[in-house]
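Work through the exercises below with the model open. Try each task before reading its solution.

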Amino acid sequence: MADIVLINPRFEISYWGLEHAVPFLGAKAAMPVANLPLLAALTPPGYQITLVDENVEPIDFARCARADIVGLTGMNVQRQRMKEILYELKRRGVFPVVGGPWVTVQEDDIAGLTDVIFIGEAEETWPRFLGEWREGRHETRYEQVERTDMATVPVPRLDLLRMKDYAFASVQFSRGCPFECEFCDIIVTFGRRPRIKTSAQVLAELGALVAAGQRFAFIVDDNLIGNKRAIKVLLRDVIAWQEDHGYPLMFATEASIDLAEDAELMELMTAANISSVFVGIETTNEAALRETKKMEVWCGIIVGFDSDEGGVFAAQSRFVREARIVSTMVNMLVAIPRTPLYKRLASEGRLTPLQDEEHSGGFGTNVVPLRISREALYAGYIELMRELYTADAYFGRLDELFLDPRFQITQARTRYLRRHPLRWLQCNAQLLAEAAGIFVLLMRGVPDAELRREYRRRLMRLVRHRREPQIIQTYAVKCAMHYHAHRMVQALLSRPQLSTDLAA
């Protein structure tokens, strides 16, 4: 039986990686990538498959050397580690193959380091390659011509992952986004026509998550509501499944800002037990985001657009505060190869090599801004992050949201549990035990005494105002998330480049 090892490289510390928070949540990583267990499910019989996520376990290179094929995936932020792994695999005489988001947009970055490369989706090309490899006639480059018919995608092999090591699970309902954001590579990989799985497929995957012991899953679609009509049908079936199975799963997801314009869609999402939604901010309209009272809004902000001037940082800070957005991911604009932005800036001579930090001037972006200097962009980004994640600012936003009795999450599950007293007791006891466990780990694991006092004070204040176990447990998770952001900000402030920028 042919032996295949599939590897996901470790991530550098990032906002959504939650590397500093997951130990307090009893995990080693935030959530698994979706492509490894999916590739395993796409593999025909007759192969032994081993999945290795370097974020939860080290790579055993001696084990890889015994495999017939070693597959490697990776995103932009993993590109350096991908090359390190490929160098070691090549040194050991391994037969490596590479696919995933990064090589799809920049395949020459790993030239000479792999024997086979996969561009774009691989539902058709991966099985085809394996068949040709067995016959000794495989190609060196595979690119799927047609977009994958999502109705044919199998249930991922979660049984091959160490699911207990993740704080959250992941699940995919659809691919593609109808918008054409200039900086986004999603339409390069998945196209502008949203393609959605059938209800039967999604429900089978939800069952697999529950069987794997998961209770919270991130719906990793880049825009869940890209096809509103189709997703409403699917959400109704998810709601029925939740009712039939006692609401075992809680979700978070990503959506475009026009969600706020569709009250029916928001109701369906909350009824499906979607408690949080990540929104890429395309407008600083806090009133629109306040419409989503039954879900917490997370947001992503990008600074460094051509229209951005020196005042953009204060404006973004004010917007986040007024919109009560607790979790905000701030990034400087980066031009990803093959995107419209990359092509435009390349033609204008406003790109530096998208390589390691030292090759892009230490600024964390390959874009040369139009209206402000790179030094001012970097310094403004650092100051914005610092300002958003001071304890007073963060918990000010969090308390304004969570101390408000009108803010409710998992209302549909709460209604269900009230009809089933024994399950109500079991669920709430588990939530309170988790909150207590997180609190104890924070008190033991956070070295900063002032921060420990802040977390203790804030949690005690919450308990005096809100007694719902789900609110208390979620607030405890938010304390751990603050610690992660705090550590990230401290690392940014300690970088040598910062002192040069601020002095300029």
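**Exercise 1.** In this predicted model, find how many bridges join strand β3 to strand β4, and which residue of β4 partners V70.

*Solution.* Start with the two strands. β3 covers residues 69-72 and β4 covers residues 96-98. They run parallel, and three bridges join them. Now take V70. Its bridge partner in β4 is P96.

**Exercise 2.** Place β3 and β4 in their sheet: what is the strand order, and which strands are the edges?

*Solution.* Trace the sheet across. Six strands line up as β2-β1-β3-β4-β5-β6. The pairing is parallel and the sheet is open. Next, look at the ends. β2 (47-53) and β6 (141-143) each pair on one side only, which marks them as the edge strands. Finally, the twist: from one strand to the next it averages 20°.

**Exercise 3.** Identify the strands that helix α3 lies across, and give its angle to β4.

*Solution.* Locate α3 at residues 79-91. The helix lies across β1 (2-8), β3 and β4. Relative to β4, α3 runs at about 160°.

**Exercise 4.** Describe how helices α15 and α16 pack: what are the angle, the axis separation and the contacting residues?

*Solution.* First, the geometry. α15 spans residues 411-418 and α16 spans residues 421-445. Their axes are 7 Å apart, at an angle of about 130°. The two helices are therefore oblique to each other. Second, the contacts. α15 contributes R413, Y416, L417 and R418. On the α16 side they meet P421, R423, W424, C427 and L431. Third, the classes. This contact has six nonpolar and three charged residues, and no polar ones.

Key. Residues numbered from 1 in each chain as written. Predicted model: local features only at pLDDT ≥ 70, side-chain atom pairs only at ≥ 80, totals over all residues. Heavy atoms only, no water. Axes fitted to C-alpha atoms, helices over the stretch in contact; angles between N-to-C directions. Helix = DSSP H or I, 4+ residues; strand = E, 2+ residues; numbered from the N terminus. Parallel < 35°, antiparallel > 145°, perpendicular 65-115°, else oblique. Contact = heavy atoms within 4.5 Å. Nonpolar A, V, L, I, M, F, W, Y, C, P; charged D, E, K, R; others polar. Pairing = 2+ DSSP bridges.
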